[in-house]
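Visitor: I am new to this structure and would like a close look at a single part, the surroundings of the ligand. Please take me through that part slowly, and then follow the charged side chains outward from there.

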Amino acid sequence: MAALPAGFGMPEFDLTEDQRALQEMARKFARSVMAPRAAECDRKGLFPEDIYRKGWELGLMNLNVPSEYGGSGLSLFDQCMIVEELAYGCGGMTTSIIANCLALEPILLGGTEDQRRSVLTPFCREYQMASFCLTEPGGGSDAGGLQTLARKDGDSYVVSGEKCFITNAPHAKLFTVFTTVDPALRHKGITAFYVPRDTEGIVPGKDEEKMGHRASSTSTVRFENVRIPVSQRLGAEGDGFSVAMRTLDMTRTPIGALATGIGQAALDHAAAYSLQRRSFGKPIGEHQAIQMKLARMATLLHASRLLTRHAARLIDGGQNATLESSMAKSFASDAAMEVTDEAIQIFGGYGYMKEYPVEKLHRDAKLTQIYEGSNEIQRIVIARELLKKYQH
Ligand code: CAA
C-alpha cells in the first residue's frame, strides 16, 4: 500500500490543548500502528488482537465509560474526533475498537449505579471485548419486532433465540442482549440484560466473510436456554427498547465520524495521486474534470465533519439529538460512499486494483450506510422528528 499522504489540514474547531493531544495520539496510533497492517488484515480477514490490546492500553477502547468506572470518560465530541482519526487508519479495526462503546452504553443508560460499578469497573480494568446483541436474522430494522424470548423463571429469566451480525462476538467476554418477554407486546415487551460470555448456553457462530471491515469480527450468537439472573436486567421489563434507541442516539454520531475518516483517507490519497499522475502533458490534478471531483469530495467531508461534531456537541450539552445524530450518520456515510467512489475514479484502472488503497476504502465505506440502522431507517427517524416540530 502507498504511504499515507499528509492530508490537507482542514481548519479545526477551537480545540483545547488536551483535545489536540488526544487527537494527535489517535492520529499517531492510526497511522503508525493500524494503517501499516490494514491491507494485510483486509486481504486475509485477520483480527489483529495485538492492535486492539494496544488501543486499550492507550485508552482508545472504552471511550464512553466514565473514568470513575475505569473508562476514558470522554465527551462525545472527543470520541468523534478520535474515531475519525482511527478510521483514517482502518475502518474495520475502528469498528472493532468502538464496538465496546456500543455494547457498554446500555449498561450506562439502563443500569443501576450498583450494576455500572460492579460490571464496568472490572470489565475496563483489563483488555476485554463486549458485544451488543440487538439484530436478529428475521429482521434488523424492525427492532421492536425482535423474537429472542426471555421467560421468567423464579429469580432468573431463561433466554432463547438467535442474534446476527454481532461485532466482536467470537471474542467478547460480555454481551448486552435485547429480548422480549412477550412478542405480542412489540416494543413494550423488549427487555435488556447484560450477560458474561461464560454463562452456559451462549454460542457464538463462525466469523462471517465480509465485503469490508475485514479486520473486524462478526458472527451470529445463539442463546440456548441461557439462564440470566434478574439482577442482570437493565431497567424494568419493557424498558429495553428505550435503552436500545437511546444507545443508538449516542453511537450513530461516531459512525458519522468513522465514515468521515474513511472518506478523508480516500480524498488524501486521490489528491496526492492527482498531483503525480500525468496525462495530456500535465498532472491530472490540473484538469478541471479532476478538480471538480476533488472540490466536491472535500466539501462533502467538511459538511460530514460539521454535522457529526454538531450532533456530538448537542448531546454533550444534554440536549436530545435523535434527529441530528441520524442526519450525521446518514449524510456522512453517503458522503463516504461518494468520496471513495470518486477516489477510485481518479485513480482509474489502478483504483480498481487491490494493490492501491482506495478500493478497500470503498468497501469499508459501504457498511457505514448499513450498520447501526440503515440510512433508510435514519431518514425515517429524521422525518418523524422533523414532523414532531410542526405539530402543536
Ligand atoms: N429515544 C427514546 N425513545 C425512543 C426513541 C429514542 N431515540 N425512538 C423511539 N422511542 C420510543 C418512542 O417514543 C415510542 O415510545 P412510546 O411507546 O412511549 O410511544 C417507542 O420508542 C416506539 O417507537 P416507534 O413507534 O418509533 O418504534 P418503531 O417500531 O416504529 O421503530 C425504529 C422505530 C426507529 C425504526 C427502530 O426500530 C430502529 O431504530 N430500528 C433500527 C435498529 C438498528 O439501528 N439496528 C442496528 C443494530 S446495531 C449494529 O448495527 C450492530 C453492530 O455491531 C455495529
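Guide: In this predicted model, the shell around the ligand is made up of 11 nonpolar, seven polar and seven charged residues. Of the 25 residues around the ligand, the ones that come nearest are Ser-141, Thr-167, His-187, Glu-372 and Arg-384. One of these, His-187, places a polar side-chain atom 2.6 Å from an oxygen atom of the ligand, while the backbone also takes part, since a polar backbone atom of Gly-373 lies 3.1 Å from an oxygen atom of the ligand and a polar backbone atom of Ala-143 lies 3.4 Å from an oxygen atom of the ligand. On its own the ligand has 1,100 Å² of accessible area, and the protein covers 70% of it.

If you ask which elements give two or more residues to this shell, they are strand S3 (156–167), helix H6 (240–276) and helix H10 (375–390). Helix H6 provides the largest share, six residues. In terms of domains, domain 2 (130–238) and domain 3 (242–388) each supply at least three residues to the shell around the ligand.

Turning to charged side chains in the structure as a whole, a search finds 20 salt bridges. Side chains of opposite charge can pair when their charged atoms come close. Arg-27 and Glu-85 form one such salt bridge, with their closest N and O atoms 2.7 Å apart, and this pair links distant parts of the chain, as Arg-27 lies in helix H1 (residues 17–44) and Glu-85 in helix H3 (residues 76–89), 58 residues apart. Arg-27 counts as partly exposed because its relative accessible area is 28%, whereas Glu-85 counts as buried because its relative accessible area is 5%, under the 20% limit.

A salt bridge also joins Arg-363 to Asp-42, again with the closest N and O atoms 2.7 Å apart, and here the partners are 321 residues apart, with Arg-363 in helix H9 (residues 358–368) and Asp-42 in helix H1. Both Arg-363 and Asp-42 are buried.

Within helix H9, Lys-360 and Asp-364 are four residues apart, about one turn of the helix, and they form a salt bridge whose closest N and O atoms are 2.6 Å apart. Lys-360 is buried, with a relative accessible area of 9%, and Asp-364 is buried, with a relative accessible area of 0%. Finally, salt bridges with shared partners join Asp-42, Lys-354, Glu-359 and Arg-363 into one network.

Methods:
Residues numbered from 1 in each chain as written. Predicted model: local features only at pLDDT ≥ 70, side-chain atom pairs only at ≥ 80, totals over all residues. Heavy atoms only, no water. Near = heavy atom within 4 Å. Polar contact = N/O pair within 3.5 Å; in protein donor to acceptor, adjacent residues only side chain to side chain. Areas by Shrake-Rupley, 256 points an atom, 1.4 Å probe, with all protein chains shown as cover. Nonpolar A, V, L, I, M, F, W, Y, C, P; charged D, E, K, R; others polar. Domains from an automatic or database assignment. Salt bridge = Lys/Arg side-chain N within 4 Å of Asp/Glu carboxyl O. Buried < 20%, exposed > 50% of the residue type's maximum accessible area, 1.4 Å probe, protein only.
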